[in-house]
Every structure is written in C-alpha cells, then in structure tokens.
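Me: I'd like to go through this model with you before I set anything up. Could you take my questions as they come?

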Amino acid sequence: MPEPSLTNQVGLVSTVTVGSDGLSSPRAINREIWTPDQYPLADTLLEALRELLEDVPKTKRRDVLVDKYGVHTSLSTEESESLYTAYARLASKALEKQSDWFQFVKTTRCLGMSTDYGNSSLDDVFNGPIQILAAANTEPPKIEIELSNFFGLRSNQRTAILHYLFELSAGVELRITASYGDQRRLLENHREQLPASVIESAESSIHEDKGCSTRTEQRRKRVRKLLADRPEGHQDWKRLRVVYNTPRERISYDTLEDAPSADFSSRSGVRQWVHRMSSEDLVEAYGSPHNRQVRLLPTGYALLDEHSNNTNRSDRTVDDTSEKGSVEQTPARGEKSDSVSDPPNSSDSSVYPPVKPEGREEGATFERKSVEKDEKTSEVDSFVKVEYLQGWEHDAAVSAAKAGEIALCERDVDFEKDSRRVGWSFLEDRDEVVVRVEQSGWASLTLVRLCSALLSEPALDQVLTRDRLAAQSEYPSLKGLTTTNEYVLRNGACLGYLKDSDSFAGSYRRRLQTERDDLLARTREIKFGNNPDKGEIAQLARDAHGLAGTVTRIYDMLGIDVTRVLEVPRWAIETETRREHLLTMIGKQTSISSRYGIYSAERVLHEPRQGKREQLLGSPKVEKTAPAGDVIGSWVLVGGDVDELDTDLELLRDDLDLQEDAVNFSAFILDLNVVDGNHRTSYALALSRRTSLRNLETTQQAISMLQAFSSDVFAAAKGLSFLGSEDESRELDLYDIRSALSFLQSEELIPDIGTQTVSTAFQVLLDANQPLSTSELADLSEVTTQTLRNNTEAFDQLEAAGVLERTTLGCGKPTEWRVRLPYQSERRTTSEPTPEFVVGRTSPIGGEWTATEAIGEILIRLGDEWGYTPVDYRDEAYLTATSGPIGERDLDVLLERYPQHQPLVRLVVELLESGERTVSQSETQTARVLQSVQLGRQPHAGAKQSRLEITAD
C-alpha cells in the first residue's frame with residue numbers, strides 16, 4: 001500500500017495546493033485530482049481495471065468487482081439495480097468504449113457530490129476508485145499535496161481534509177509538503193488525525209539536526225527494552241500488526257476481535273490486551289462506547305519498525321491492507337527538539353480514567369456495558385456530540401475550582417470547532433465528573449448542552465447505572481440516593497420526573513433519558529436566529545434548568561463531585577447584556593442544584609410559583625450555627641477575557657427574587673466564591689495530580705516555573721502529560737520542566753511579555769538542545785531577523801530577569817540564544833542552568849531573593865546594561881517598592897506609577913513565590929478568592945420555621 005509522507009521539500013510529481021490559498025475542501029480536492037491528463041490517478045485507475053478484469057467475461061465483471069474486490073457505492077444506474085453495485089457497473093463498462101470511460105471518470109470526479117446517478121458521499125471515493133487501486137498490483141499513482149496557508153482554514157475544514165487525504169492514501173502515494181511551522185502545528189493540533197508512523201517520522205524529520213537527540217531516538221531506546229521481553233513468535237506482534245496494517249493505523253474493537261491472526265477468544269480478551277498495550281504506550285483506545293477504536297501510538301510504530309520481521313512488507317499476508325507513513329529528511333535549518341524520556345502515557349487517552357470492574361488502573365479503557373433488553377438506546381449523538389476529555393483537562397478543571405466556587409480561567413480557546421460538542425470525563429477513584437460545554441448566545445442552548453453532557457451515554461454507563469442508583473441491591477429501588485422515600489425525593493429534594501411508576505432505578509434512569517431526548521428534539525424544532533420564537537426558547541431554558549438541576553442533585557446524592565467547564569467566547573461577554581445573560585444563568589442553575597439538608601435551595605428560597613411551594617414537605621430548620629446551605633459542584637469559566645467578569649459578579653443573583661413572604665420559606669445563605677482559576681494553588685494541585693500518575697513528585701520550584709512560563713493551568717497540566725512514567729519515585733527536575741514546556745503551543749508560553757513573536761521564539765528555544773544563532777532562531781520561528789530585532793525590548797527584559805541568555809561569540813561571529821533551563825546533556829550536572837530569580841536560588845548577599853529585591857535589581861540592569869530608563873530611580877514609587885524593611889515595601893505603588901511593567905513584575909513574582917514563605921501582602925500574588933457572593937439571606941433570630949424529619953428507611 002502507498003505510503004503517505006510529510007515533508008518540506010518540493011518534488012517533481014503532480015502538485016495540488018491545499019489551504020486558504022488553494023483548495024479548501026475534500027470534495028474540491030477529489031474533483032481536481034481525478035482530472036485526466038493533469039494528474040495520474042485516472043490513467044492508473046484504467047490500468048488497474050484492465051489488470052483486474054482483463055480475463056473476466058464482460059457479464060461477470062461487475063460481480064467480480066463487488067464480490068471479490070469489495071467495490072460498492074451509494075449510486076444506482078437503474079431502478080432494479082442493487083443500491084451498492086452501480087459504480088461497479090460503470091467501471092466494468094469503462095473498458096468497452098471511450099465514451100463509457102469518459103462517463104466513468106466524470107462520475108468519479110463527482111463522488112462526494114451530486115452525480116448523474118444520484119447523490120453520493122466521500123465514502124464512495126474510498127469504497128469505489130480507491131478500492132480498485134488498492135486491489136490492483138499496478139504502481140500506485142503519485143501526487144503531491146502542498147499545504148499553503150493551511151491554518152488559515154477553520155479547524156473542522158482541516159480535520160476533514162486530513163481525514164480524506166489519509167483515507168485516499170490507501171491507493172494513492174501521497175507526498176504532503178508543508179513549511180516547518182505548519183508541520184509542527186499539524187503535530188500539535190491534529191495529532192489525532194495523523195497515523196502514528198507519520199507522527200513518529202515527522203518528529204524525527206523536524207527535530208533531526210546536528211546530531212541532536214530526538215524523540216524518535218528516545219522511543220527507540222525504550223522499545224529495545226520491550227523487544228527483549230517478547231520472543232520472536234509472541235502473539236503481541238501479530239496483534240500489533242493487525243492494527244498497523246489497517247487504514248490510518250486504527251481499528252475498531254469488533255474488527256480486531258474478528259481478525260483471524262489476532263486470535264482473540266472474546267471481547268474481554270480484546271479489552272485486556274488493549275489495556276496492557278496502553279500501559280506500555282503502544283496503542284490508545286478512543287471513541288464512543290458504541291464504536292470503540294484502537295489506534296497505534298508512535299512508540300508502537302517504533303517498536304514494529306525495530307522488529308524487522310514485523311515491518312517487512314514482503315511478509316504481509318494477501319488480505320493485509322495498510323497505510324503507512326514516512327517523512328523525508330529535511331535540510332538542516334537549525335537545531336530543534338530536546339526530547340522527553342518517554343512518549344505520552346495512556347492516561348491521556350480519550351477516556352480519563354475509565355471504569356474497570358476491578359478498580360481504576362492508569363491506562364485502562366472504558367467499555368460500555370451490554371445494554372439490557374428493556375433499556376432505551378438514545379439518539380443524543382445526532383444533535384450533540386459527546387467527546388471524552390483528556391486526563392490533563394480533567395485534572396486542570398478540578399484543580400481550578402472546588403465545590404461552591406466559580407473559577408475564572410483566562411485561556412484562549414479554539415471556537416472554530418463544532419459548538420455542539422460536549423466533553424465528559426469520570427475519575428472513579430476520586431468520584432469526580434467533569435463536563436465541558438461551549439457558551440451559546442442563547443442561555444437555553446447552553447443549558448441543553450449541559451443536560452446532554454450530564455446525561456450523555458458515557459454518564460449513564462459509568463455513573464448513572466442501575467447498580468449505582470440501587471446501591472447494588474437486588475431490589476431495584478433508589479437505595480443509592482440519600483433516601484428511598486420517593487415522597488421526600490419528590491417534594492423535599494424536589495427531584496424532577498419522579499412519578500410513582502418511575503421510583504425504581506431502571507425506570508427512573510430511562511425516564512431521565514427520555515426527558516433528555518425530548519429536550520433535544522424540541523431544540524431542533526425551535527426557531528432561533530432571525531425572528532426567534534422567544535416564548536418557546538424561554539420554556540426550553542426553564543425545562544433545561546430543571547433537568548440539569550435534577551441530575552446534578554442525583555450526582556450529589558451518589559457522592560459524585562461535578563465540575564462544569566464553560567468555554568466562553570469573547571463575544572459572549574463583550575456587552576453588559578451578554579454578561580448578564582451568562583451570569584444570571586449560572587446563578588439560577590446554582591440555586592436549582594443546591595440544597596439545605598435534603599431540601600432544594602431554589603424551591604425554598606426563590607420559587608415564585610405558589611403551587612410548587614405548597615408541594616414542599618415543610619421547610620428546613622436552619623440552625624444559627626449553620627446558616628449556609630450546600631452549593632453543589634463548581635463552575636470553571638474558560639476564555640480569553642473571562643477575567644473581565646469579576647466586575648459584574650453581582651449579576652449572579654439578578655434573576656433570583658427571594659420569596660420571603662411565601663409559604664414554606666426559610667432563610668439561609670448559599671456562599672459562592674469567585675476565584676482565580678490560574679492561581680498558584682490551582683497549579684500546585686494540577687501538577688500534583690499529573691505527576692503522581694508518573695511516579696514523580698512536584699516541587700515548589702517546578703510549580704513556580706510552570707506557572708510563570710505557561711499561560712494557564714490547563715497548559716501546564718497538558719505539558720506535564722507528555723512526560724513518561726518512572727520506575728522509581730523522584731522529584732521533577734529542571735529538564736522535566738523544559739520538556740513539558742516544549743510541548744506547548746507558542747500561544748501558551750509567556751503570553752504577556754512582548755508580541756506573539758517573543759512567545760514563538762521562546763518555544764523554539766525550549767525545543768532546542770543547544771544554543772541557536774540569531775539567524776537560526778529567526779528561521780525556525782519563521783520570521784526575519786529584523787522581526788526579532790523589533791522585539792528587542794521584550795527579549796532584553798527576559799534576559800535581565802535571568803530567563804533568557806544571549807552570548808556574543810566575538811566580532812563578526814553570531815550571537816547565541818538559549819533559555820536558562822538545562823539541555824539533556826546538562827541534566828543534573830553542577831553547571832545545570834537555572835533561571836536567576838526563582839524560588840530556591842540565593843541572592844549575592846545571602847538568603848533567598850524576594851520579589852522586591854529582584855524587581856529592583858532587574859530595573860537597574862535594564863538601565864545600566866541596556867540603556868533603558870524603565871523608571872525614575874529617585875521616584876518615591878520606586879523607592880517604596882524596592883527599599884526599606886521587607887514588610888513595608890509595596891509593589892502595587894510601583895505598578896500604579898509604571899503600569900507597563902505589570903507583565904515583568906508578574907513573571908518575577910510567580911517565579912519567586914514558594915507557597916510556603918510568609919511575605920508582605922505586596923509581594924504575594926493576587927488573592928485566590930476574587931469576590932464572595934451570597935445567594936439567599938441570613939436567618940433572623942427567632943424566625944418560626946417548620947421542620948421535616950427524615951427517618952431511616
């Protein structure tokens with residue numbers, strides 16, 4: 001089978017330009033490449049047909065193509081013809097006369113669009129002409145795809161094109177050319193769409209320079225150890241080859257189980273094997289519970305490549321099909337990657353961490369349990385698409401906020417993706433659920449997405465199971481909840497949809513599924529946009545509020561902590577009205593899902609409907625010593641400008657009117673803390689969770705540097721997820737930190753210092769394993785040396801802060817650049833470079849640096865060594881911040897006078913904060929709690945309140 005390759009060298013084969021400067025969709029590419037004379041595909045297709053059908057009688061040709069070679073599409077040439085054989089009939093006639101050949105090529109070019117024989121899909125390309133090319137022994141046609149401004153396309157466009165190209169490579173030899181920058185961004189943003197062989201060899205090509213140690217070389221060292229553990233005929237080789245030999249190096253559980261050479265006796269055997277291979281970073285499981293897939297990881301490809309008997313094409317069986325990738329070597333362009341010791345671990349597979357009957361193990365995969373006969377199969381995926389959050393996303397989210405908190409986490413989010421996608425993850429060991437949705441312009445749509453996540457199929461299969469709802473009891477009651485008394489659940493806790501007939505685990509579960517599906521069905525029918533149906537939209541919001549609140553309360557009763565991540569586009573908070581819509585939605589849902597004892601907080605405090613209030617079984621007795629109810633779950637708001645919301649937080653209670661004179665009212669409060677999601681405590685918790693999975697221990701210095709250099713807690717957690725596991729426990733070292741940071745995108749590095757060029761250059765320097773000259777740095781950053789000079793002030797600040805190092809080698813010789821973090825060759829040596837102003841480093845006068853001392857030193861350096869005048873050194877603001885007793889120094893005074901130094905001061909303060917030292921308020925970072933908001937009100941002394949007594953069931 002042809003091998004797709006990714007390179008930056010332009011070749012001599014036929015070229016197609018793809019990107020915003022060329023073709024921008026799979027259908028446009030398909031129509032172009034099958035053009036006769038311009039490209040070799042049509043002529044090669046004719047040769048393939050001749051080879052396959054030359055000795056076959058004309059009357060049998062169609063059947064041979066269908067039955068023997070698997071050619072089938074969704075076209076039909078006549079009413080009586082089978083739906084899937086029309087393209088095969090056209091192909092069989094194409095050999096008879098030229099007019100039939102032209103008609104066949106015309107139809108082939110239109111596949112994926114409307115044809116003379118009806119509509120078709122892109123699958124018809126792969127099941128039609130590509131199937132013919134793959135079946136024949138003719139030399140595959142060669143075509144070059146030049147990516148030009150590829151990242152000018154939307155994310156979903158890029159994903160669709162990559163999927164099409166790598167499916168196309170089953171019968172076509174592809175050579176994809178891209179600049180160094182685009183190659184790197186492909187690996188960063190579309191790793192899931194690339195075959196492991198392309199990833200592994202692309203990294204080698206990008207990073208191979210001047211004898212550098214590459215990620216590929218590190219993998220090879222590791223897999224040689226694995227080779228020693230498996231004899232020549234080990235079954236693992238055969239099974240890995242089955243995955244390797246499938247298109248795009250990924251295969252479904254069903255196909256893997258049925259493969260003869262894999263020799264699996266049951267689905268359980270497949271799961272156990274995948275789990276074992278995942279724990280060694282060889283494969284990864286992903287996909288929905290209904291369509292579980294296995295993909296080969298770069299380490300798995302490297303293992304097979306080392307094991308020559310398993311990668312020799314001459315040894316392949318007749319029915320093997322594969323799609324392999326290689327990357328042609330690129331010219332030296334300056335030194336690149338400093339590799340980490342291991343590839344990504346399996347904990348970052350698409351389900352984190354999964355359900356396993358024997359308990360959680362790192363790298364296990366989630367498998368949906370068999371659906372019992374009386375369970376309803378949902379159509380939720382037809383409207384809302386559920387995807388599994390990666391481990392680092394889960395850890396970062398729960399680290400940013402705890403129950404009763406709303407975290408503001410400033411982070412740029414890709415909003416080009418399908419906004420209907422919702423995220424889910426469940427960590428059974430910690431009883432944690434994280435759901436992620438994108439904020440819509442309509443609160444009702446946001447709430448529908450939230451319901452879809454909380455009641456997704458993974459949620460029903462992993463958390464809201466019959467066994468859990470019934471507490472493993474043979475009697476199918478709701479014993480897993482706080483009480484089995486349905487009257488208390490219905491009229492005290494105010495769980496919705498709980499009729500007498502639904503007061504059993506299975507039936508209540510089905511009822512919640514039905515309500516979810518009905519909500520989605522109504523959403524499809526409601527008119528949004530121009531002339532919206534506002535009445536229906538408002539009712540949809542009310543119903544979605546109720547369903548989301550009910551499900552959140554059920555999670556709480558099951559002992560599950562819920563974190564709701566809301567991705568907030570900039571436009572969603574650019575006006576006061578939009579900010580009000582967002583915050584009032586959060587405030588109302590918080591009230592609905594909270595409680596005092598067993599009672600629904602919203603029903604007691606804020607419910608305006610008299611009938612609903614009268615259904616309450618009394619009201620809670622609020623103790624003077626416990627005036628606060630329980631706020632269930634947390635919110636994490638993620639977006640580029642979410643920090644601007646801290647001035648509008650009173651809007652959280654704008655839509656909540658206290659019903660103080662209504663029946664069954666009791667006064668109590670719900671405390672909401674709005675916190676900085678990127679505070680040091682969030683970093684410390686996220687890093688601790690990430691490193692514990694890899695037998696590593698975090699340090700105060702590691703926390704400080706990752707916070708200072710990364711844009712946010714999600715970025716830091718993501719970078720650490722690429723580190724490998726250790727056999728023996730040890731602390732994170734400086735090289736680990738460098739390696740983790742090197743995997744981040746440039747937008748996730750020092751975003752506040754200078755322009756994007758500074759962040760890009762910083763990323764390139766982190767990825768290098770030896771100093772770079774100015775010209776090499778510019779080349780690898782894909783800018784000119786003049787662009788680097790235009791950012792001199794920012795680079796000077798980084799050097800004055802002891803983060804960057806530039807060394808002039810002499811007159812007429814280049815200046816070499818590096819980040820003050822060790823290369824692999826310097827790891828754990830006495831000369832190991834370290835940022836100058838970081839916790840743990842001592843100052844020349846003894847003792848650890850304080851932030852005020854460091855800032856004073858840096859500002860003096862900028863004046864003495866680089867000729868700037870950053871401040872008036874006689875200014876009282878400067879003197880107040882940098883001199884006098886430590887407890888009396890105040891950096892805030894300096895920043896009020898010189899606000900342009902805020903990014904630099906923040907960088908230094910974060911580097912020097914240990915989380916343990918007692919320092920003056922002016923030297924600490926901003927407080928974690930930005931503001932506290934109370935819903936409800938304090939109880940009055942002597943207020944008469946009825947009380948509902950709940951006895952044991």
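**Talking through the model**

Reply: Ala-88 is a good place to begin: its relative accessibility is 0%, so it counts as buried. Please keep in mind throughout that this is a predicted model.

Me: OK, and where is Ala-88 found?

Reply: Ala-88 belongs to helix H4, which covers residues 86-93.

Me: What is Ala-88 in contact with, leaving aside its neighbours within four places in sequence?

Reply: With those neighbours left aside, Ala-88 is in contact with Arg-62, Leu-65, Val-66 and Val-71. In addition, the C-alpha atoms of Ala-88 and Asp-63 are 7.9 Å apart in space, while the two residues are 25 residues apart in sequence.

Me: Tyr-301 next. Is it buried or exposed?

Reply: Tyr-301 counts as buried, because its relative accessibility is 10% and the cut-off for buried is under 20%. Tyr-301 sits in helix H15, residues 298-306, and its C-alpha atom is separated by 7.6 Å from that of Tyr-244, although the two tyrosines are 57 residues apart along the chain.

Me: Zooming out, how many helices and strands does the protein chain have?

Reply: The protein chain has 38 helices and 24 strands. Of its 953 residues, 58% are buried, and among contacts with a separation of 6 or more, 75% are between residues 24 or more positions apart.

Me: Which residues have the most contacts inside the largest nonpolar core?

Reply: That core has 87 residues, and those with the most contacts inside it are Val-636, Phe-709, Phe-714, Leu-741 and Leu-894. Helix H38, residues 902-912, gives the most to this core, contributing seven residues. There is also a second, separate core of 86 residues, which includes Val-384, Ala-541, Val-551 and Leu-616.

Me: And what does Phe-709 touch, beyond its neighbours within four places in sequence?

Reply: Phe-709 is in contact with Leu-741, Glu-748, Leu-749, Ile-750, Phe-762, Val-803, Pro-835, Leu-907 and Leu-911, once those neighbours are left aside. Leu-741 is itself one of the residues with the most contacts inside the largest core.

Me: Let's do helix packing. At what angle do H17 and H29 pack?

Reply: Helix H17 (residues 391-400) and helix H29 (residues 713-721) pack at an angle of about 140°, and their axes are 8 Å apart. The crossing of H17 past H29 is right-handed. On the H17 side the contact is made by Trp-392, Glu-393, Ala-396 and Ala-397, and on the H29 side by Val-713, Phe-714, Ala-717, Lys-718 and Ser-721. Sorted by class, the residues of this contact of H17 with H29 are six nonpolar, one polar and two charged.

Me: What about H1 and H8, how do they cross?

Reply: The axes of helix H1 (residues 26-33) and helix H8 (residues 155-168) come within 9 Å and cross at roughly 40°, so H1 is oblique to H8. Pro-26, Ile-29, Asn-30 and Ile-33 of H1 meet Ala-160, Ile-161, Tyr-164 and Leu-168 of H8. The contact of H1 with H8 has seven nonpolar residues, one polar residue and no charged residues.

Me: One more pair: how do H2 and H5 pack?

Reply: Helix H2 (residues 41-53) and helix H5 (residues 98-110) have axes 11 Å apart and pack at an angle of about 120°, which means that H2 is oblique to H5. H2 passes H5 in a right-handed crossing. Ala-42, Leu-45, Leu-46 and Leu-49 of H2 make the contact together with Trp-101, Phe-104 and Thr-108 of H5, and by class the contact of H2 with H5 has six nonpolar, one polar and no charged residues.

Me: Changing topic to the backbone. What is the phi of Cys-494?

Reply: Phi of Cys-494 is near 60°, which is a positive value in a residue other than glycine. Most residues other than glycine have a negative phi. Cys-494 is in the loop between helix H21 (486-491) and helix H22 (505-525), and it counts as buried because its relative accessibility is 14%.

Me: And Asn-531, is that one buried or exposed?

Reply: Asn-531 is exposed, since its relative accessible area is 64%. Asn-531 lies in the loop between H22 and helix H23 (534-557), and its phi is positive, about 50°, although it is not a glycine.

Me: Last one: what phi does Glu-782 take, just after H32?

Reply: Glu-782 takes a positive phi of about 60°. In helix H32 itself, residues 774-781, the buried residues are Glu-776, Leu-777, Ala-778, Leu-780 and Ser-781.

Definitions and conventions:
Residues are numbered from 1 along each chain as its sequence is written. This is a predicted model: local features need pLDDT of at least 70, side-chain atom pairs count only at pLDDT 80 or more; totals for chains, interfaces and linings use all residues. Side-chain values use heavy atoms; hydrogens and water are left out. Axes are lines fitted to C-alpha atoms, for helices over the stretch in contact, and angles run from 0 to 180 degrees between N-to-C directions. Helices (H or I, at least four residues) and strands (E, at least two) are DSSP runs, numbered from the N terminus. A crossing is left-handed if the near helix is turned anticlockwise from the far one by less than a right angle, and right-handed if clockwise. Contact means heavy atoms within 4.5 Å. Ala, Val, Leu, Ile, Met, Phe, Trp, Tyr, Cys and Pro count as nonpolar, Asp, Glu, Lys and Arg as charged, and the others, Gly among them, as polar. A nonpolar core is a set of buried Ala, Val, Leu, Ile, Met, Phe, Trp, Tyr and Cys residues joined through side-chain atoms within 4.5 Å. Buried means under 20% relative accessible area, exposed over 50%, partly exposed in between (1.4 Å probe, protein chains only). Angles under 35 degrees count as roughly parallel, over 145 as roughly antiparallel, 65 to 115 as roughly perpendicular and the rest as oblique.
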